[in-house]
Amino acid sequence: MTGWQRFFMLLACCVIVMILWPQYDGAGLTFMLMAGLLWTCVIIMLSVLSGIFGIYKFEFLNRFVSILYLGALLASLLFYFPLPGGETPASRMQKGKWPTQEDVKKGMKRLTFNFDFVHRNVHRDANYINQKIDNASDAVGELKKSAKKTKEALDNLVE
């Protein structure tokens, strides 16, 4: 297994943990960032050591190192990922609280982004760019009406 494959395995494991246990808060996101940095350094170290000692030439040894890497990665994520109440995913599984289908749906929703570019237009009230700011458009309309009245009064006076 190459370093890139290990890196994508790291990303996949982090996303799976965040989907299965979506009850995390800011500490969970910080943990995932720090764990990602740590495991990226481990991947670099494994790649360098594999190149130095020629581990990549021995298929059995390379698979064994990759299995150890995956096991250590999953163990660190499951035993240290912070959830509310000082729990971890491993402690919840030991208590018999496995992720439900609702947890998976909530986790998927939490990791998706809502880009509503198709339905956004200038005339929608939900458009954040052209919203009325302190009824400024109403004030402009009233100013136009008063300017029109004064213009009519001036025109009448001139005639």
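**Exercise 1.** In this predicted model, is R63 buried or exposed, and with which residue does R63 form a salt bridge?

*Solution.* Begin with accessibility: R63 has a relative accessible area of 53% and is therefore exposed, the cut-off for that class being over 50%. Next, look for the partner, which is E59, with the closest N and O atoms 3.2 Å apart. E59, at 46% relative accessibility, counts as partly exposed. Finally, place the pair in the fold: both residues lie in helix α3 (residues 59-80), four residues apart, or about one turn of the helix.

**Exercise 2.** Determine which residues are joined with E87 into one network of salt bridges.

*Solution.* Start from E87, which is buried, with a relative accessible area of 13%. The side chain of E87 meets that of R92 in a salt bridge of 2.9 Å, N to O, and R92 is likewise counted as buried, at 14% relative accessibility. E87 also forms a salt bridge with K95, the closest N and O atoms being 3.2 Å apart, although K95 counts as exposed at 55%. Salt bridges that share partners thus join E87, R92 and K95 into one network.

**Exercise 3.** Establish how far the nearest side chain of opposite charge lies from D103, and which residues D103 touches.

*Solution.* First locate D103, which lies in helix α5 (residues 101-111). D103 is buried yet has no salt bridge, and the nearest side chain of opposite charge, R92, is 5.9 Å away; that distance falls outside the limit because a salt bridge requires the nitrogen and oxygen to be within 4 Å. Leaving aside residues up to four places away in sequence, D103 touches I19, L20, P22, Q23 and W98.

Methods:
Residues are numbered from 1 along each chain as its sequence is written. This is a predicted model: local features need pLDDT of at least 70, side-chain atom pairs count only at pLDDT 80 or more; totals for chains, interfaces and linings use all residues. Side-chain values use heavy atoms; hydrogens and water are left out. Helices (H or I, at least four residues) and strands (E, at least two) are DSSP runs, numbered from the N terminus. Buried means under 20% relative accessible area, exposed over 50%, partly exposed in between (1.4 Å probe, protein chains only). Lys and Arg count as positive and Asp and Glu as negative; His and the chain ends are not counted. Contact means heavy atoms within 4.5 Å.
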